[in-house]
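This report goes through ring contacts, charge placements, a helix and a loop residue in turn. Please read it alongside the sequence and coordinates shown here.

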Amino acid sequence: MANENKLVKNTLLYAIANFGSKFLTFLMLPLYTHYFTTSEYGLWDLIVTTSTLLTPFITFELVAAVYRWLLDEEREESRKSIITTGAIAILRNLLIFNLLGVIIIITFPIPYGIEALIFINVTVASSFLQQCARGLGYNKLFAASGMIQAAVTVISILFFIFVLELRLEAFFYASILAGISVVTIAWKVMGFGRYLSSKTYSKKMLTSFLLYSVPIIPGAVSWWIMSMSDRYFIIAYLGMEYNGIYAVANKIPALLLMVHTVFSLAWKDSAIVAFHSDDKNEYYSTVFRYFFRLMTTSVICITLLAKPILDIVVADAFFDSWKFIGILLLGTLFSAFSQFWGAGFHGAKKTNIIFTTTFVGAGINVLFNLIFINVLGLYTVAISTFLAFFTMWVIRVFASTHYFKITMNKRDLFVLFLLIIGATVAPFVLSHTGVLISIVIGIALFFVYNKDAITLIRQASRSFLHK
């Protein structure tokens, strides 16, 4: 029970910041879809996608290793060695990447090349400090940094668009300023300089880091293939305008991803710490029961709400994006389940399983896109993502039995998945009134199925507020 209370409290802490930051970003969607063309928005989405692909190769996923080692370490000198070793290695990699990047940009002029290079550098730096904050126990700082980043981004974009009348440059400049703000604030709050000392750099520790992190790189790339490579298929076979529509379609599943991200941040900490306890199977199973009900009922509600919401907030050119949201939400759901099991594998330090299962999912994603994209259009990329994450989750369930066992409620599985299928079909076949009635029923189901979780949250909230 103590573990559950700690998990709920950490989830509440992350929720305060993440819901606020994601809500601010969502409020900007009407502006984006009215101010930018589908091609412009599709190009920005492509740039972010490419940056996400490059990051694991730049950092060797050492950010994840530093966070993992900090969780197990309480001695100040050892923490200094962990952070310094990781920081020096990442800085070295960034210097090499920047040199290569400048050469490429000079040789082959790339639109927004310099801006993208600065954006990547700032993203890596802010991610490193944020994960160090988590590992050092600065959970409130970590949570607040997300809110700060969103607020600075929104304010900056409004300034660049309405005052300076910029186009895509507004996205770059706003994102860079937001990242610099996070780095500056996090550095000052943690007194981060005290954790950096060249004398504590350890080649032996770096070797340990790399043994842990390098297997994550192919997994991260495979995850990228499942989550983001669809953009390249869309651009190659359908055009940049369709990528803009698809990018907007992904904004609604981002609401579900927001719920999952908030939970996942706290769950990964708890799963790693609890892995060596005798009751880990019971603990993992209990948490998954709450998580499963929360995520599946959220999918039902968001699927039903998607069409009415988009009818209000986006320009007509982007409205057809609602048709793909139900399938994308299913993909996001199984992505969340896969990451739930992934936290257990991190606890066991079996990152090779994470890589293998993600690689299989990525292969399915690419193969399905290649075969069907000319036949099914945008539906192909949504279905391929769903199939990839579903397959990955199923394999992880079977692979986990050697390290931990999560018991699932079969009745919940059958009933809630059946309701998800109904919610996905409903907007296509029901009238406007029928959809509204379905939304009311979906919201009622959400509270019925999550009443135990809501009770836990209330209890933890009282403790959190009176702390």
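## A buried edge-to-face pair

Y284 counts as buried, since its relative accessibility is 1%, below the 20% cut-off for that class. The model is a predicted one, and the contacts described here are to be read as computed from that prediction.

Across the structure there are 30 aromatic pairs. In one of them, the ring centres of Y284 and F404 lie 5.4 Å apart with their planes at 70°, and the pair is therefore edge-to-face, because an angle over 60 degrees falls in that class. This contact links distant parts of the chain, with Y284 in helix 14 (residues 280–313) and F404 in the loop between helix 17 (378–399) and helix 18 (410–429), 120 residues apart. F404 is likewise assigned to the buried class, with a relative accessibility of 2%.

## A stacked pair and a ring cluster

F291 and F340 also form an aromatic pair, this one stacked, with 5.4 Å from centre to centre and 20° between the planes. F291 belongs to helix 14 and F340 to helix 15 (residues 325–347), so the pair ties together parts that are 49 residues apart in sequence. F291 is buried at a relative accessible area of 2%, and F340 is buried with a relative accessible area of 2%.

Ring pairs also join a set of residues into a cluster, and F291 and F340 are among its members, together with others including F288, F337, W341, F390, W393 and F417.

## Charges over rings

Two placements of a charged side chain over an aromatic ring can be described. R134 lies over the face of F142, at 5.3 Å from the ring centre, while the charged end of K307 sits over the ring of W322, 4.3 Å from the centre of that ring.

## Helix 17

Helix 17 has 22 residues, which at 1.5 Å a residue should span 32 Å, and the C-alpha atoms at its ends are 32 Å apart, so the expected and modelled spans agree. The buried residues of helix 17 include L378, V381, A388, F389, M392, R396 and V397. W393 is also one of the buried residues of this helix, and W393 is one of the residues in the ring cluster described above.

## A loop residue with positive phi

E165 has a positive phi of about 55°, although E165 is not a glycine. Where does E165 lie? E165 is found in the loop between helix 7 (139–162) and helix 8 (169–190), and with a relative accessible area of 62% E165 is exposed, because that class begins over 50%.

Definitions and conventions
Residues are numbered from 1 along each chain as its sequence is written. This is a predicted model: local features need pLDDT of at least 70, side-chain atom pairs count only at pLDDT 80 or more; totals for chains, interfaces and linings use all residues. Side-chain values use heavy atoms; hydrogens and water are left out. Helices (H or I, at least four residues) and strands (E, at least two) are DSSP runs, numbered from the N terminus. Buried means under 20% relative accessible area, exposed over 50%, partly exposed in between (1.4 Å probe, protein chains only). Rings of Phe, Tyr and Trp (its six-membered ring) pair if their centres lie within 6.5 Å; planes under 30 degrees apart count as stacked, over 60 as edge-to-face and the rest as tilted. A charge sits over a ring if NZ of Lys or CZ of Arg is within 6 Å of the ring centre and within 35 degrees of the ring normal. The expected span of a helix is 1.5 Å times one less than its number of residues.
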